[in-house]
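User: I have just opened this entry and would like a walk through it. Could you take my questions one at a time?

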Amino acid sequence: MMIEQSKSKRLEIKQNMRGGKGDIEITHITNNEILGKNCRLFAQITVKPGDSIGEHQHINEREVFYFIQGKGIVIDNGKEAEIGPGDVMVTPDQSSHSVINTGDEDLVFMALILNENA
């Protein structure tokens with residue numbers, strides 16, 4: 001068994017992430033050594049009101065978002081959808097997406113990126 005204490009999490013700030021707006025907070029839940037070869041990212045992401053993650057494509061990987069708090073809009077391969085707590089979005093290999101916080105509180109979600117060819 002292995003336990004990682006909450007103080008070991010690493011906070012990363014990405015300015016204008018993927019061409020989006022504002023400062024995006026990425027709290028890495030654990031490191032790549034723990035994740036292994038099948039997973040590239042396991043993190044909590046916070047997008048402030050009015051901020052966004054720009055459109056980007058995933059190649060040889062899929063990304064899963066689980067929304068915890070707030071509300072917003074996701075654009076998945078050009079299709080727009082409203083999201084909120086409890087919603088899940090899956091972006092398969094070769095697909096693109098973006099996220100916009102349209103609410104008045106932080107949009108918080110878990111992000112998991114899985115390698116398709118591991």
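Analyst: What follows goes through confidence, aromatic rings, strands and the main pocket.

User: What should I know before reading anything off it?

Analyst: This is a predicted model, in which local features need pLDDT of at least 70 and side-chain atom pairs count only at pLDDT 80 or more, while totals for chains, interfaces and linings use all residues. Residues are numbered from 1 along each chain as its sequence is written, and side-chain values use heavy atoms, with hydrogens and water left out.

User: What is the mean pLDDT of the protein?

Analyst: The mean is 93, and 95% of the residues reach 70 or more; pLDDT is the predictor's confidence in each residue, from 0 to 100. Among the elements (helices are DSSP runs of H or I with at least four residues, strands are runs of E with at least two, numbered from the N terminus), α1 has the lowest mean pLDDT, 81, and strand β9 (residues 96-101) has the highest, 98. Where pLDDT is low, the predicted coordinates should not be read in detail.

User: On to the rings, then. How many aromatic pairs are there?

Analyst: The structure holds three aromatic pairs, where rings of Phe, Tyr and Trp (its six-membered ring) pair if their centres lie within 6.5 Å, and planes under 30 degrees apart count as stacked, over 60 as edge-to-face and the rest as tilted. One of them joins F65 and F109, a tilted pair at 4.5 Å centre to centre with 50° between the planes. F65 lies in strand β5 (residues 61-69) and F109 in strand β10 (residues 107-115), so this pair ties together parts that are 44 residues apart in sequence.

User: Are those two rings buried or exposed?

Analyst: F65 is buried, with a relative accessible area of 3%, and F109 is buried too, at 0%; buried means under 20% relative accessible area, exposed over 50%, and partly exposed in between, with a 1.4 Å probe and protein chains only.

User: And what about F67 and F109?

Analyst: The ring centres of F67 and F109 are 5.0 Å apart and their planes lie at 45°, so that pair is tilted. F67 lies in β5 and F109 in β10, so the pair ties together parts 42 residues apart in sequence. Both F67 and F109 are buried, and F65, F67 and F109 form one aromatic cluster.

User: Which residue in β8 does F65 stand opposite?

Analyst: F65 stands opposite M89 in β8. Strands β5 and β8 pair in the antiparallel sense over four bridges, given that two strands pair if DSSP finds at least two bridges between them. Along β8 (residues 88-91) the side chains alternate, with M89 and T91 buried and pointing to one face, whereas V88 and V90 point to the other and are not buried.

User: Changing topic, which residues are closest to the centre of the largest pocket?

Analyst: The largest pocket has 26 lining residues, and the closest to its centre are E12, I26, H28, R40 and L41. I26 is in strand β2 and counts as buried at 5% relative accessibility. A pocket here is an open set of points on a 1 Å grid over the protein atoms alone, where a 1.4 Å probe fits, with protein on both sides within 12 Å along at least five of seven lines, and lining residues have an atom within 4 Å of a point.

User: Which strand gives the most to that lining?

Analyst: β3 gives the most, with four residues.
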